[in-house]
Amino acid sequence: MNRDDSHQHKARKRFGQNFLVDHHVINKIIAAIAPKPEQNIIEIGPGHGAITEPILAKCPSLKAVELDRDLIPLLTEKLAGYPDFQIHQGDALKIDFSQFYQAGRAMRIIGNLPYNISTPLIFHLLGFSPQIEDMHFMLQKEVVDRLAASPGDKNYGRLSVMVQYYSSVQPLFSVPSTAFRPVPKVESAIVRLLPYSQPPHPANDLELLTRLVSASFQQRRKTMRNTLKYMLDATQLEQLDIDISLRPQNLSVVDFVHLSNQIGALQ
Ligand code: SAM
């Protein structure tokens, strides 16, 4: 455990606690989020309130979800001047975010996310896409690179395809490790995700698309023929209208959707 001397609280590694201390970076994040008073903003993992407090100054009805019970009294005391602020103690991975949705006020989700759970958390949140206006996250830079990667990039994979199926991805800026206490071992970056109200290329069977994309990238060096032979027989393979000698990293999101719809129709 690392001691954060500015607070009576020890940073816990198992909660992915690296607290932002650089005010230049904090101001840049607030400017990117551009909070407005009437908005429905929800912060995941407020920690010591580095982002929470400047957001509250612009959007007093901010809500937050924090797992670490020891942080709740500290935050409540520190943010007592904001009577509309609500903290929910709990695990963001398990929370039903639709409880925060209000008709006509789509959710804006923000957070300097605990790195150990960032990928499952993004998938959990994408399940609430129609109720979300946008999301701004601090993530490991490597994860932002994977989220934003295009076909052919070395970082292109399951995460790129599945997240881009649901949302557009805008990498915003990098954040050096020195902006945090304790200092993490990796570089970070801010990303903006804009979920589509309807995916522009909908899959007929989302479960099949998910399975296809996972199976394809599990053996990313092999051709699609190799993955598909476990799903289709030789005659069905001949009926596909994509080039199955390609490797998965060369297929776009639209290609994967099209392929999964074709497989669904053939099976
Ligand atoms: N927002 C603060 C900042 O920028 O300084 C803290 C960021 S720290 C990287 C991640 C925060 O998420 C911590 O406060 C941690 O306790 C909290 N956290 C970890 N796992 C969580 C979970 N499953 N659900 C909600 N909060 C979680």
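1. Let's start with strand β11, residues 188-195. In this predicted model, six of its eight residues are buried, so the strand is largely enclosed by the rest of the structure. It has a pairing partner on either side in the sheet order, with β8 next to it one way and β9 the other.

2. Take the β8 side. Strand β8 covers residues 132-140 and pairs with β11 in the antiparallel sense, over six bridges. If you want a spot to click on, Met135 stands opposite Leu193 of β11. On the other side, β9 (residues 167-175) also runs antiparallel to β11, joined to it by eight bridges. There, look for Ser167, which stands opposite Pro195 in β11.

3. Now zoom out to the whole sheet. Seven strands make it up, in the order β6-β5-β4-β7-β8-β11-β9, and the sheet is open with mixed pairing. Its edges are β6 (86-89) and β9, each of which pairs on one side only. On average, neighbouring strands are turned by 20° against each other, if you ignore direction. The mixed character is easy to see around β8: β7 (residues 107-112) pairs with β8 in the parallel sense, over six bridges, while β11 and β8 are antiparallel. Between β7 and β8, Gly111 has Phe137 as its bridge partner.

4. Two helices are worth checking against that sheet. Helix α1 (residues 23-33) packs on the sheet and touches β7, β8, β9 and β11; its direction makes about 160° with that of β9. Towards the β6 edge, helix α3 (residues 71-78) lies across β5 (63-66) and β6, and runs at about 180° to β6.

5. What is going on in the interior? The largest nonpolar core has 54 residues, and those touching the most other members are Phe97, Ile109, Phe137 and Leu228. Helix α6 (residues 158-166) gives this core its largest share, six residues. The core is also shared between the domains, drawing at least three residues from each of domain 1 (5-195) and domain 2 (206-266). A separate core of 25 residues lies apart from it and includes Ala32, Leu62, Tyr115 and Phe173. As general background, nonpolar side chains tend to be buried together in soluble globular proteins.

6. Phe97 deserves a look of its own. Which residues does Phe97 contact once its neighbours within four places in sequence are set aside? They are Ile42, Ile44, Ala92, Met107, Ile109, His124, Leu125 and Phe128. Ile109 turns up in that list and is also one of the core members that touch the most others.

7. Back to α6. Seven of its nine residues are buried, so this helix, like the strand in point 1, is largely enclosed by the rest of the structure. The buried ones are Leu159, Ser160, Val161, Met162, Val163, Tyr165 and Tyr166. They pack against α4 (118-126), α5 (141-148), β9, β11, α7 (206-218) and α10 (253-266).

8. On the domains: the assignment for the chain gives domain 1 (5-195) and domain 2 (206-266). Their C-alpha centres lie 34 Å apart, and the contact takes eleven residues from domain 1 and 15 residues from domain 2. Together the two domains bury about 1000 Å² between them, with 73% of it on carbon and sulfur atoms.

9. One loop residue to look at is Gln131, which lies between α4 and β8. Is Gln131 buried or partly exposed? Its relative accessibility is 22%, so Gln131 counts as partly exposed; the cut-off for buried is under 20%. Setting aside neighbours within four places in sequence, Gln131 is in contact with Ser98, Tyr101, Ala106 and Met107. Met107 is also among the contacts of Phe97. Leu113, by contrast, is 18 residues from Gln131 in sequence and 20 Å from it in space, C-alpha to C-alpha.

10. Finally, the overall picture. The chain has ten helices and eleven strands, and its C-alpha atoms fill a box of roughly 70 × 40 × 30 Å along the principal axes. Buried residues make up 48% of the 267 residues. Of the contacts between residues at least 6 apart in sequence, 65% join residues at least 24 apart.

Note on methods: Residues numbered from 1 in each chain as written. Predicted model: local features only at pLDDT ≥ 70, side-chain atom pairs only at ≥ 80, totals over all residues. Heavy atoms only, no water. Core = buried A, V, L, I, M, F, W, Y, C linked by side-chain atoms within 4.5 Å. Buried < 20%, exposed > 50% of the residue type's maximum accessible area, 1.4 Å probe, protein only. Helix = DSSP H or I, 4+ residues; strand = E, 2+ residues; numbered from the N terminus. Domains from an automatic or database assignment. Contact = heavy atoms within 4.5 Å. Pairing = 2+ DSSP bridges. Axes fitted to C-alpha atoms, helices over the stretch in contact; angles between N-to-C directions. Buried area = accessible area lost by both parts, 1.4 Å probe.
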